[in-house]
Amino acid sequence: MKCRALFSLLILAASASPALALRCGTNLVAEGQSKFDVLQRCGEPAYTDSHVEYRSGMSNPLAPRPLDSLEPGFPYPAVREVTVEEWVYNFGPTQLMPSLVFENGTLIKIRTLGYGRY
């Protein structure tokens, strides 16, 4: 019986999702949402920063390549442009400040930075 309970606990822990969510008042923001959704639910951030990264490799290797890559010697490593933005919200000294990282307009990471300030 103990073994069965331990096994059930292990299965439950393995299936738990590590994704974080952010609560803005009564609204909930989770990874995978767009910048527009986050802006509608949380309002303007206290701080924003953005930059462009160039990454090699395709996000989907089965996606069709541009016509200029159909020459002999295909496949060339594809380079894609990714716009990375970080938004930080400051909800005051009694709450943790969340940092939201967006890639091409989609929320990919939520982390906390410490307590906010007035």
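**Exercise 1. Find the side chain with which the side chain of E81 makes a polar contact, and describe the surroundings of E81.**

Step 1. In this predicted model, the side chain of E81 makes a polar contact with the side chain of Y54, at 3.2 Å.

Step 2. Place the residue: E81 belongs to strand β4.

Step 3. Leaving out residues up to four places away in sequence, E81 touches V52, E53, Y54 and N104. Of these, E53 is 28 residues from E81 in sequence, yet the two C-alpha atoms are 5.9 Å apart in space.

Step 4. Classify the exposure. Buried means under 20% relative accessible area and exposed means over 50%. E81 has 48%, so E81 counts as partly exposed.

Step 5. Look at N104, one of the residues touched by E81. N104 sits in the loop between β5 and β6. Its phi is positive, about 50°, although N104 is not a glycine. N104 is partly exposed because its relative accessible area is 48%.

**Exercise 2. State which residues make the nonpolar surface patch of about 330 Å², and classify V79.**

Step 1. The patch is made by V52, Y54 and V79.

Step 2. V79 is in strand β4. With 60% relative accessibility, V79 counts as exposed, because the cut-off for exposed is over 50%.

**Exercise 3. Work out which parts of the chain are tied together by the salt bridge of E85 and K35.**

Step 1. Side chains of opposite charge can pair when their charged atoms come close.

Step 2. A search of the whole structure finds four salt bridges. In one of them, the side chains of E85 and K35 meet, at 2.5 Å from N to O.

Step 3. E85 lies in strand β4 and K35 in helix α2 (residues 35–42), so the pair ties together parts that are 50 residues apart in sequence.

Step 4. Classify both partners. E85 is buried because its relative accessible area is 16%. K35 has 26%, so K35 counts as partly exposed.

Step 5. List the contacts of E85. Apart from residues up to four places away in sequence, E85 touches K35, D49, S50, L100, V101 and F102.

**Exercise 4. Describe the salt bridges of R111 and R55.**

Step 1. R111 forms a salt bridge with E86, and the closest N and O atoms are 3.2 Å apart. R111 lies in strand β6 and E86 in strand β4, so this pair ties together parts 25 residues apart in sequence. R111 counts as partly exposed because its relative accessibility is 37%.

Step 2. The side chains of R55 and E53 meet in a salt bridge of 2.7 Å, N to O. R55 has 22% relative accessibility and therefore counts as partly exposed. E53, with 27%, is also partly exposed.

Step 3. Extend the picture: E53, R55 and E103 are linked in a network of salt bridges.

**Exercise 5. Classify the aromatic pairs by their geometry.**

Step 1. A pair of aromatic rings is described by the distance of the centres and the angle of the planes.

Step 2. The whole structure holds two aromatic pairs. The rings of W87 and F102 have centres 4.7 Å apart and planes at 55°, so this pair is tilted. The pair links distant parts of the chain, with W87 in strand β4 and F102 in strand β5, 15 residues apart. Both residues, W87 and F102, are buried.

Step 3. Y89 and F91 form a stacked pair, with 5.7 Å between the centres and 10° between the planes. Y89 is buried because its relative accessible area is 2%. F91 has 30%, so F91 counts as partly exposed.

Methods: Residues numbered from 1 in each chain as written. Predicted model: local features only at pLDDT ≥ 70, side-chain atom pairs only at ≥ 80, totals over all residues. Heavy atoms only, no water. Contact = heavy atoms within 4.5 Å. Helix = DSSP H or I, 4+ residues; strand = E, 2+ residues; numbered from the N terminus. Buried < 20%, exposed > 50% of the residue type's maximum accessible area, 1.4 Å probe, protein only. Polar contact = N/O pair within 3.5 Å; in protein donor to acceptor, adjacent residues only side chain to side chain. Patch = residues over 30% accessible without salt bridge, like charges linked within 9 Å, V, L, I, M, F, W, Y side chains within 5 Å. Areas by Shrake-Rupley, 256 points an atom, 1.4 Å probe, with all protein chains shown as cover. Phe/Tyr/Trp six-rings, centres within 6.5 Å; stacked < 30°, edge-to-face > 60°.
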